[in-house]
Amino acid sequence: MKRKHRKTLETIYSRPVSGNIKWHDIEALFVELDAEISEREGSRIGVR
């Protein structure tokens, strides 16, 4: 896992959770972990 993805994961699980996590970083982490991302209705997404 790349350092950037590890830092994003640590930020997600830190207390208190940061409100400054960029969605692009979370999506990149999902892709790194072999998740499938699909667009749903409106602004929803599916992660599998």
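The following dialogue asks why certain labels apply to this predicted model.

Tutor: This is a predicted model, in which local features need pLDDT of at least 70 and side-chain atom pairs count only at pLDDT 80 or more, while totals for chains, interfaces and linings use all residues. Residues are numbered from 1 along each chain as its sequence is written, and side-chain values use heavy atoms, with hydrogens and water left out.

Student: What makes K4 and D25 a salt bridge?

Tutor: A salt bridge needs a side-chain nitrogen of Lys or Arg within 4 Å of a carboxyl oxygen of Asp or Glu. The side chains of K4 and D25 meet at 3.6 Å, N to O, so the pair satisfies that cut-off. The pair links distant parts of the chain, with K4 in helix α1 (residues 3-13) and D25 in helix α2 (residues 23-32), 21 residues apart. Helices here are DSSP runs of H or I, at least four residues, and strands are runs of E, at least two, numbered from the N terminus. One salt bridge is found in a search of the whole structure.

Student: Why is D25 called buried, and why is K4 called exposed?

Tutor: Buried means under 20% relative accessible area, exposed means over 50%, and partly exposed is in between (1.4 Å probe, protein chains only). D25 has 17%, so D25 is buried; K4 has 54%, so K4 is exposed.

Student: How do you know that H5 is buried, and which residues does H5 touch?

Tutor: H5, in helix α1, has 9% relative accessibility and therefore counts as buried. Not counting residues up to four places away in sequence, H5 touches A28, L29 and E32, where contact means heavy atoms within 4.5 Å.

Student: Why are the buried residues of α2 said to line one face of the helix?

Tutor: In α2, D25, I26 and L29 are buried. Seen down the axis, the buried residues of α2 fall within an arc of 100°, so they line one face; the arc is that of the directions from the helix axis to the C-beta atoms. The face turned away from the buried side carries the exposed residues H24 and V31. What covers the buried residues of α2 includes α1.

Student: What makes W23 and F30 an edge-to-face pair?

Tutor: Rings of Phe, Tyr and Trp (its six-membered ring) pair if their centres lie within 6.5 Å; planes under 30 degrees apart count as stacked, over 60 as edge-to-face and the rest as tilted. The search of the whole structure finds one aromatic pair. W23 and F30 lie 6.4 Å apart, centre to centre, with 75° between the planes, and the pair is edge-to-face. W23 is partly exposed at 43%, and F30 is partly exposed at 26%.

Student: What makes the backbone at D34 and at the bond between R15 and P16 worth a remark?

Tutor: Most residues other than glycine have a negative phi, and most peptide bonds are trans. D34 is not a glycine, yet has a positive phi of about 65°. D34 is in the loop between α2 and β1 (37-39) and, at 69% relative accessibility, counts as exposed. A cis peptide bond joins R15 and P16, with omega about -10°; P16 is in the loop between α1 and α2.
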